[in-house]
Number of protein chains: 2
Amino acid sequence: MRDALIAAAFQLFLERGYEATTVDDIVALAGVGRRSFFRYFPSKEGVVFPDHEGCLADLTAFLDGAEEDPEPVARVCDAARLVLRMYAENPTFSVQRYRLTKSVPGLRTYELSVVWRYERALADYLRRRFAGRSDGDLHADVIAAAVVAAHNNALRSWLRSGGQDDAEAGVDHALEFVQHSWGAAGEGPAAASPAGDAAEAEDEDVVVVITKRGTPLWQVVRGIESGLDGTGGANG
Amino acid sequence: MRDALIAAAFQLFLERGYEATTVDDIVALAGVGRRSFFRYFPSKEGVVFPDHEGCLADLTAFLDGAEEDPEPVARVCDAARLVLRMYAENPTFSVQRYRLTKSVPGLRTYELSVVWRYERALADYLRRRFAGRSDGDLHADVIAAAVVAAHNNALRSWLRSGGQDDAEAGVDHALEFVQHSWGAAGEGPAAASPAGDAAEAEDEDVVVVITKRGTPLWQVVRGIESGLDGTGGANG
């Protein structure tokens, strides 16, 4: 019945527009009563994002089970991948919703509050993990926001492609930027032992960086990246 | 008249609650007509955030005049400082509003959409500045989100202190984390020539970093930070 309500809602949103569709219209088309609708969805906006509550619960559980993970930044990146997977599992629906959300300001605001809850879940986890660090809360908030922004950048590219691109590759690439900023170098979810990975580049296990004092830090970091894990190559 | 409307609105919000106050109540207390209210504010939410439109316009103008700024990351940090200053100029009002916004879900959603507009303005500027870079849009979105998160972390600390702490020092400290992640080392708004500043630490102008391949990048970066500009000292 839940799926029937979602299908009816989207059929009407596409036919006559979101604002012009009422919950009564949706339940009439689905052939159920109003109370059934509100058993599944808190509001008309809720039916547009039917999977977020479940996904948020999955993400929270995924993080709750990771209080000992040695790489908390990689963990929140993996949590963001869970959200992406929810979208990627149903490209047609996701692309339809993207177009709908773009055209209805009320839905964009609703979506912002959903995104905010994901971001808080990531930040809360990192705050716990960084509890012993000076500025732990600050670092947690900033990194959580960066992960969400990277995820959303990749998600929107994929949605704009009409769901044609490789969503997972896109988000992996975007999250790499975050992990290279703050995570362990080369410590991605797909990476094996970081120490051995760069063996094709050099036989030496030590990287020496010589730089002028006052060099922009990002320039130095880019230089080190290529030495540490053999990636690099971004232009300035 | 605008100030009288704001004062009347907050008096009523505090006395009887936000939800229970209507625009009619506000204009009655201020002694003006409904049309006057809507000349100044788009909605009841609008009167809670009366300075954001002006601040957003200032911020956009500040960035539009900076297409040649050699340090775009420092520039968006300065733009965030403009927003903080708007709050810090009127601590009593800002703290009242903070408490109100925290307790009214509708206002929090409204605030999210305001914050989103600031973030888009920063990201749009960085996208223009990074247009020639590979992954320029991604970097722009992530850095803009990080700046906003750092700003909001500092702003909330200040608001929680009841407006007692030093707001500007708090935001400077928070933005330093962002600038050390991606900006030029030591290139803050208050910094002089980066190359000369570290002279008290060493006489040598070259920094040599020796590290094992596979060392987490953030660890290496922290090591370099202390060498490059004499700050550092954050614990792991």
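Here are some friendly notes on this predicted model, set out point by point.

1. **Overall make-up of chain A.** Let me start with the fold as a list of elements. Chain A holds 12 helices and one strand. Read from the N terminus, the order is α-α-α-α-α-α-α-α-α-α-α-β-α, with the strand sitting just before the final helix. Chain A has 236 residues, and 37% of them count as buried. If you look at contacts in chain A between residues at least 6 apart in sequence, 58% join residues at least 24 apart.

2. **H1 against H2 in chain A.** Two packed helices are described by the angle between their axes and the distance between the axes. For helix H1 (residues 2-16) and helix H2 (residues 23-30) of chain A, the angle is about 120° and the axes are 8 Å apart. That angle makes H1(A) oblique to H2(A). The crossing of the pair H1(A) and H2(A) is right-handed. On the H1(A) side, the residues that meet H2(A) are A:Ala4, A:Leu5, A:Ala8, A:Ala9, A:Gln11 and A:Leu12; on the H2(A) side they are A:Asp25, A:Ile26, A:Leu29 and A:Ala30. Sorted by class, this contact has eight nonpolar residues, one polar and one charged.

3. **A residue of H1(A) outside that list.** Is A:Glu15 buried or exposed? A:Glu15 belongs to helix H1 of chain A and counts as exposed, because it has 11 C-beta neighbours inside 10 Å, where 12 or fewer is the cut-off. If you would like a long distance to check in your viewer, try A:Glu15 to A:Ala174: the two are 159 residues apart in sequence and 35 Å apart in space, C-alpha to C-alpha.

4. **H5 against H8 in chain A.** Here is a second helix pair to set beside the one in point 2. Helix H5 (residues 52-64) of chain A packs with H8(A) at an angle of about 5°, the axes being 10 Å apart. H5(A) and H8(A) are therefore roughly parallel to each other, as angles under 35 degrees count that way. H5(A) brings A:His52, A:Leu56, A:Leu59, A:Thr60 and A:Leu63 to the contact, while H8(A) brings A:Val114, A:Arg117, A:Tyr118, A:Ala121 and A:Tyr125. By class, the residues of this contact of H5(A) with H8(A) are seven nonpolar, two polar and one charged.

5. **A tyrosine of H8 in chain B.** B:Tyr118 is found in helix H8 of chain B. B:Tyr118 is buried, because 23 other C-beta atoms lie within 10 Å. Setting aside residues up to four places away in sequence, B:Tyr118 touches B:Leu56, B:Leu59, B:Val83 and B:Val148. For B:Tyr118 and B:Glu68, 50 residues apart along the chain, the C-alpha atoms are separated by 21 Å.

6. **The nonpolar core.** In soluble globular proteins, nonpolar side chains tend to be buried together. In this model the largest nonpolar core has 78 residues. Which of its members touch the most others? They are A:Val147 and B:Val147. Apart from its neighbours within four places in sequence, A:Val147 is in contact with A:Val76, A:Cys77, A:Ala80, A:Leu122, A:Leu175 and A:Val178.

7. **A buried alanine in H9(A).** A:Ala144 lies in helix H9 of chain A and counts as buried, because it has 27 C-beta neighbours inside 10 Å. Not counting residues up to four places away in sequence, A:Ala144 touches A:Val76, A:Glu119, A:Leu122, A:Ala123 and A:Leu126. A:Ala144 and A:Cys77 are 67 residues apart along the chain, and their C-alpha atoms are separated by 9.0 Å.

8. **Positive phi at Asp135.** Most residues other than glycine have a negative phi, and most peptide bonds are trans. A:Asp135 departs from this, with a positive phi near 60°. Where does A:Asp135 lie? In chain A, its place is the loop between helix H8 (105-129) and helix H9 (136-160). A:Asp135 counts as partly exposed, because it has 17 C-beta neighbours inside 10 Å. In chain B, B:Asp135 also has a positive phi, about 60°, although it is not a glycine. B:Asp135 lies in the loop between helix H8 (105-129) and helix H9 (136-160) of chain B. With 17 other C-beta atoms within 10 Å, B:Asp135 is partly exposed.

Notes:
Residues are numbered from 1 along each chain as its sequence is written. Chains are lettered from A and ligands numbered from 1 in the order in which they are written. This is a predicted model: local features need pLDDT of at least 70, side-chain atom pairs count only at pLDDT 80 or more; totals for chains, interfaces and linings use all residues. Axes are lines fitted to C-alpha atoms, for helices over the stretch in contact, and angles run from 0 to 180 degrees between N-to-C directions. Helices (H or I, at least four residues) and strands (E, at least two) are DSSP runs, numbered from the N terminus. Angles under 35 degrees count as roughly parallel, over 145 as roughly antiparallel, 65 to 115 as roughly perpendicular and the rest as oblique. A crossing is left-handed if the near helix is turned anticlockwise from the far one by less than a right angle, and right-handed if clockwise. Two residues are in contact if their C-beta atoms, placed from the backbone, lie within 7 Å. Ala, Val, Leu, Ile, Met, Phe, Trp, Tyr, Cys and Pro count as nonpolar, Asp, Glu, Lys and Arg as charged, and the others, Gly among them, as polar. A nonpolar core is a set of buried Ala, Val, Leu, Ile, Met, Phe, Trp, Tyr and Cys residues joined through C-beta atoms within 7 Å. A residue is buried if 20 or more other C-beta atoms lie within 10 Å of its own, exposed if 12 or fewer, and partly exposed in between; C-beta atoms are placed from the backbone.
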